[in-house]
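Let's take a walk through this structure together, one piece at a time. Have the model open beside you as you read.

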Amino acid sequence: MTTSRTPGATDLRVLRPDDWDQWYANLVRAFGGMPESAEERELWKSLTEYDRFVGAWDGDTCVGSAGAFTFRVTVPGGASVPAAGVTMVGVAGTHRRRGVLTSMMRRQLDDVRSWGEPLAVLTASEPAIYGRFGYGAATNSLTFEIDTTRVRLDAPDGADDVRLRYAVPAEALDVCEAVYARRVPERPGMLARMPGWDRVMVLDPEGERDGASPLQCVVAERGTEVVGFARFRVKPDWDVTGSNSAVVVEDVEGLDAASQGALWRFLFGIDLTSKIVGRGRPVDEAWHHMVSDIRRCGLRRRDALYVRLVDVGAALEARTYQAPVDVVLDVEDVFCPWNSGRWRLTGDAKGAVCRRTEDAADLALSVRELGAAYLGGVSLAGLAAAGRVREVRQGALAEASVAFGSVVVPWLSHGF
């Protein structure tokens, strides 16, 4: 069954290849109508999984779009769990307030459940949109602007043993991806790179450089082993006093403290630049402890990955817990009622079991809060302080808050 009806007599159907151009044009218009390069357009078209994408149609006109990439996301404990990467969601301005978005979210979550994927994840254009569909903000990312004329970076021991070399980004893609793949299991929220997605990392349309240089790449080596890489641009800015140019960081990965220190020291020292800017970085990145003055690094946090538990039992069993936990969760899920009710979660650092139960509840919360806490970056106790989680059994909140935590702060490694 590939066709259903939305309120207002709008057809909702699985995307067909022949409809992609109009479908994508509706999406571009919904996000302001900014043009994109032919290279970018063709890349997204090649990544489209047609049987996982839907469009809303008013007659012959596409008025809504939504997709779900096939992803695997790292969860606490290091497991790589199937997750639907919700993306390219847009509704034509002429068809707002008609239930088009709700119908697409309803269809999509029903599909994700049928595919056996316990999680759905997304990045939100606006934070207020997706909470009503059960998505909780689970990770944050960091934006920074470092004044490198006043901030020094002291690399740790071993950084001098790391050799750096320039490389053409596309030609170094395989060795960089190998480093990335080794990093993925180490941090919750990271996405295993699916086929074709490596090309996104070196997509470099001139119209999106904002006056900066083409993408540059430096590879870090220790002996014959590649231990890290940095991808960046330099944005020139000159006035009568000289250069105020900036290093624009796109991606940095190192396998250990020494390789990370060597890469960041290089970025701090690029000639004729006076600042480093970046966004979308981990909030606990190692360089924070290498700089001389964190106050002059212009740090700013923002929400990043939103998580939705499509199958509460399977999702909670897929991760581990940093302390033993035995707790009954009374879950409210209006949008996906198959999740509603009480679930007994027992687990520790080795594994977990989560089953339906008739036992009395220890904690009461909605699936949105459960999604926010799922990767270990948002505290259940913090949510309780905001009135979002209710403790029924005394002591259960502290027990669960510790167990759900993560030693490493979760981070979304790339957008989609």
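Ala-230 has Val-252, in S14, as its bridge partner. Keep in mind as you look that this is a predicted model. The two strands around S14's edge of this pairing are easy to trace by number: strand S11 covers residues 225-235 and strand S14 covers 245-254. S11 and S14 are antiparallel to each other, joined by eight bridges.

Now stay with S14 and turn to another of its partners. S14 also pairs with S15, this time in the parallel sense, over five bridges. Here you can find Val-249 opposite Gly-278 of S15. How much of S14 is buried? Nine of its 10 residues are, so to speak, out of sight: the strand is mostly covered.

Let's step back to see the sheet as a whole. Seven strands form an open sheet with mixed pairing, in the order S9-S10-S11-S14-S15-S8-S16. Which strands stand at the edges? They are S9 (163-167) and S16 (300-303); each has a single partner strand, so one side of each is left without a neighbour in the sheet. From one strand to the next, the twist averages 25 degrees. As you follow any strand along, a general point may help: in a regular strand, side chains alternate between the two faces of the sheet.

At the S9 end of the order, the partner is strand S10, residues 216-222. S9 and S10 run antiparallel and are joined by five bridges. Look for Arg-165, which stands opposite Val-219 in S10.

Next come the helices that meet this sheet. Helix H6, residues 257-268, packs on it and touches S8 (140-147), S9, S10, S11, S14 and S15 (273-281). The direction of H6 makes about 170 degrees with that of S14. Helix H4, residues 173-183, lies across S10, S11 and S14, and runs at about 110 degrees to S11.

Finally, let's visit a pocket. The second largest pocket holds about 530 Å³ of space. Which residues are closest to its centre? Of the 18 that line the pocket, they are Val-91, Arg-96, Leu-101, Glu-126 and Ile-129. Strand S5 (80-91) and helix H3 (100-114) each supply at least two residues of this lining. By class, the lining has eight nonpolar, five polar and five charged residues.

Notes. Residues numbered from 1 in each chain as written. Predicted model: local features only at pLDDT ≥ 70, side-chain atom pairs only at ≥ 80, totals over all residues. Heavy atoms only, no water. Pairing = 2+ DSSP bridges. Helix = DSSP H or I, 4+ residues; strand = E, 2+ residues; numbered from the N terminus. Axes fitted to C-alpha atoms, helices over the stretch in contact; angles between N-to-C directions. Contact = heavy atoms within 4.5 Å. 1 Å grid on protein atoms, 1.4 Å probe; cavity = no way out; pocket = protein on both sides within 12 Å on 5 of 7 lines; lining within 4 Å. Points joined across faces, edges and corners; volume = space filled by probe spheres on them. Nonpolar A, V, L, I, M, F, W, Y, C, P; charged D, E, K, R; others polar. Buried < 20%, exposed > 50% of the residue type's maximum accessible area, 1.4 Å probe, protein only.
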